[in-house]
Amino acid sequence: MGLDRLMDPKDTRGRNTELALMQKVEQENTNRVKWGYIWALLAALMWGLGYVALTTIWSITPFKEMTIFPEGVAGFFLAALIMTSALSIVYAVVLTFYWGVGTGKIKEVKRNVTNVRISKWYLLAAAVGGPIAIFGGNLALGYIGSTFAASAALMTAVFGAIIARLWYGENISRKGWIGIGLIIAGGLLIWNPINMYNEIMNPAASESVWIGYLGGLISGFGWGLEGAIAGRIQDLTDADAGVNTRLIAEGLLWILIFWPVMMLIF
């Protein structure tokens with residue numbers, strides 16, 4: 001029923017209530033759209049600043065010279081792994097005590113951790129979010145630079161939407177497909193496959209420069225897969241507590257599994 005019909009002078013009290021309810025719903029939808037765009041822009045700004053900060057780490061000793069790491073690709077991999085694991089553990093500690101305690105969601109975090117039905121999905125999200133996505137992003141940062149690494153992460157939306165569609169039938173609207181097409185087109189312009197090929201084949205370039213491009217692809221895929229996993233569990237848990245749970249799971253994965261494996265390999 002339209003608003004014009006609801007505004008009839010002969011409206012009953014029930015109809016006036018329905019009109020007020022519809023106006024409230026419309027206002028709520030307007031606010032959601034407005035704040036959704038605002039938070040999206042702020043998130044993009046923070047991610048961009050984060051890539052700049054991560055790039056700076058690569059210019060600081062020992063990562064700048066890697067004098068304490070094995071030479072060649074092995075040393076580069078180890079440096080990227082150390083960065084990724086350190087970031088994940090710091091995130092887990094800081095956000096758990098600062099954000100979790102501040103929002104009063106510690107009990108909710110405990111519920112997520114102890115409920116296997118929930119924790120298994122966060123554990124899977126942690127495995128692809130840090131060791132795959134962030135690690136790939138660090139490789140792209142170190143070999144290519146922050147501009148490429150941040151641009152490569154744009155493919156997250158494409159990977160995430162397609163994985164969710166194939167995995168559990170997530171509906172993608174016509175506008176969504178158009179957006180995916182525009183992102184792919186923009187990605188091709190940013191990645192510039194011809195220039196990428198020439199750089200990889202250039203004898204004067206580093207023989208391992210392809211690792212940087214591969215890292216960008218891995219980063220986009222990892223974030224997209226993590227987003228699809230989050231879509232599976234979003235309705236079962238609180239969002240704030242979910243972020244804490246995912247970061248705690250990743251920190252434990254690094255300490256209990258990936259660090260021992262790194263020690264054996266390197």
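A contact here means heavy atoms within 4.5 Å of each other, and it is in this sense that residues are said to touch in the legends below, which describe a predicted model.

**Figure 1. Overall view of the predicted model, an all-helical chain with 11 helices and 0 strands.** From the N terminus on, the elements run α-α-α-α-α-α-α-α-α-α-α, and the C-alpha trace spans about 85 × 45 × 35 Å along its principal axes. Of the 266 residues, 35% count as buried, while the accessible surface comes to about 16200 Å², with 68% of this area belonging to carbon and sulfur atoms. When contacts between residues at least 6 apart in sequence are considered, 76% of them join residues at least 24 apart. The side chains include 19 positive and 17 negative ones, and the centres of these two sets lie 10 Å apart.

**Figure 2. Close-up of the largest pocket, which holds about 1700 Å³ of space.** The lining is made up of 42 residues, of which Ala43, Trp47, Trp223, Glu226 and Val243 are the closest to the centre of the pocket. Two or more lining residues come from each of helix 2 (13–57), helix 3 (73–102), helix 5 (116–143), helix 7 (156–168), helix 10 (209–233) and helix 11 (239–265). Among these elements, helix 2 gives the most to the lining, with 8 residues.

**Figure 3. Close-up of Trp191, a residue of helix 8 (residues 174–191).** Trp191 has a relative accessible area of 14%, and because buried means under 20%, this residue is classed as buried. Leaving aside residues up to four places away in sequence, Trp191 touches Phe148, Ala152 and Met155 from earlier in the chain, together with Met196, Tyr213, Gly216 and Leu217 from later in the chain. For scale, the C-alpha atoms of Trp191 and Trp35 are separated by 31 Å, the two residues being 156 residues apart along the chain.

**Figure 4. Close-up of Thr245, which lies in helix 11.** The relative accessibility of Thr245 is 3%, and this residue therefore counts as buried under the 20% cut-off. Once residues up to four places away in sequence are set aside, the residues that Thr245 touches are Val109, Asn112, Val113 and Tyr122. A separate reference distance is given by Val33, which is 212 residues from Thr245 in sequence and 28 Å from it in space, C-alpha to C-alpha.

**Figure 5. Close-up of Tyr168, a residue found in helix 7.** With a relative accessible area of 23%, Tyr168 is partly exposed, because this class covers the range between the 20% limit for buried residues and the 50% limit for exposed ones. The contacts of Tyr168, not counting residues up to four places away in sequence, are with Ala228, Gly231 and Arg232. One of these partners, Ala228, is 60 residues from Tyr168 in sequence, and the C-alpha atoms of Tyr168 and Ala228 lie 9.1 Å apart in space.

Key: Residues numbered from 1 in each chain as written. Predicted model: local features only at pLDDT ≥ 70, side-chain atom pairs only at ≥ 80, totals over all residues. Heavy atoms only, no water. Helix = DSSP H or I, 4+ residues; strand = E, 2+ residues; numbered from the N terminus. Buried < 20%, exposed > 50% of the residue type's maximum accessible area, 1.4 Å probe, protein only. Areas by Shrake-Rupley, 256 points an atom, 1.4 Å probe, with all protein chains shown as cover. Lys, Arg positive; Asp, Glu negative; His and termini not counted. Charge placed at Lys NZ, Arg CZ, Asp CG, Glu CD. 1 Å grid on protein atoms, 1.4 Å probe; cavity = no way out; pocket = protein on both sides within 12 Å on 5 of 7 lines; lining within 4 Å. Points joined across faces, edges and corners; volume = space filled by probe spheres on them.
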